[in-house]
Amino acid sequence: QVQLVESGGGLVQAGGSLRLSCAASGTTFSINTMSWYRQAPGKQRELVAQITSSGLTNYADSVKGRFAISRDNAKNTVYLQMNSLKPSDTAVYYCATYESRTYWGQGTQVTVSS
């Protein structure tokens, strides 16, 4: 059974940084593309960043240059380093992977105050 557990969210002032972690179990982690999504109140869930098994990355335009996704296959963990945070980054952040279907973590709240 695939399980994804996010951590690292919290309250931070604008301009600050946070690092999210997502620990995976029950997956073929090293060959999976891993993704971070976010969902703000009243908005649709949106893709924030992805990293392939070979380390290729993709980012939403809104976070390019501020966020960095990385992975540690030895720890079955994917990270999202978030710098220069803005109030518009406030959302619940979800880790996701696809194995026959999409699996989601429970989410971690990120709140950026102005």
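**Close-up 1. Strand E11 has side chains that alternate between two faces.** In this predicted model, strand E11 covers residues 108-113. Follow its side chains one by one and you will see them switch sides: Thr108, Val110 and Val112 point to one face, where they are buried. Gln109, Thr111 and Ser113 point to the other face and are not buried.

**Close-up 2. Strand E11 is joined to strand E2 and to strand E9.** Let us start with E2, which spans residues 10-13 and runs parallel to E11. Four bridges join these two strands. To find your way along the pair, look for Val12, which stands opposite Val112 of E11. Now turn to E9, made of residues 91-99, which runs antiparallel to E11. Here three bridges make the connection. A handy landmark is Val92, whose bridge partner in E11 is Gln109.

**Close-up 3. Thr108 is a buried residue of strand E11.** How buried is Thr108? Its relative accessible area is 11%, and because buried means under 20%, Thr108 falls in that class. A polar atom of the Thr108 side chain lies 3.2 Å from the backbone nitrogen of Gly9. Gly9 also appears among the residues in contact with Thr108 once neighbours within four places in sequence are left aside. That list also includes Glu6, Ser7 and Gly8, then Leu20, and finally Ala91, Val92 and Tyr93. You have already met Val92 as the bridge partner of Gln109.

**Close-up 4. Cys22 and Cys95 form a disulfide.** A disulfide is a covalent bond between the sulfur atoms of two cysteines. The structure holds one such link, and the sulfur atoms of Cys22 and Cys95 are 2.1 Å apart. Cys22 lies in strand E3 (residues 18-25) and Cys95 in strand E9, so the pair ties together parts that are 73 residues apart in sequence. The link is left-handed, with -75° about the S-S bond. Are these two cysteines buried or exposed? Both Cys22 and Cys95 are buried.

**Close-up 5. Gly65 is an exposed residue in a loop.** Where does Gly65 sit? Look in the loop between strand E6 (57-59) and strand E7 (67-72). Gly65 has a relative accessible area of 85%, and because exposed means over 50%, Gly65 counts as exposed. For another point of reference, find Ser84, which is 19 residues from Gly65 in sequence. In space, the two are 9.3 Å apart, C-alpha to C-alpha.

Conventions: Residues are numbered from 1 along each chain as its sequence is written. This is a predicted model: local features need pLDDT of at least 70, side-chain atom pairs count only at pLDDT 80 or more; totals for chains, interfaces and linings use all residues. Side-chain values use heavy atoms; hydrogens and water are left out. Buried means under 20% relative accessible area, exposed over 50%, partly exposed in between (1.4 Å probe, protein chains only). Two strands pair if DSSP finds at least two bridges between them. A disulfide is a pair of cysteine sulfur atoms within 2.5 Å. A polar contact is a pair of N or O atoms within 3.5 Å; within protein, one must be able to donate a hydrogen and the other to accept it, and residues adjacent in sequence count only if both atoms are side-chain atoms. Contact means heavy atoms within 4.5 Å.
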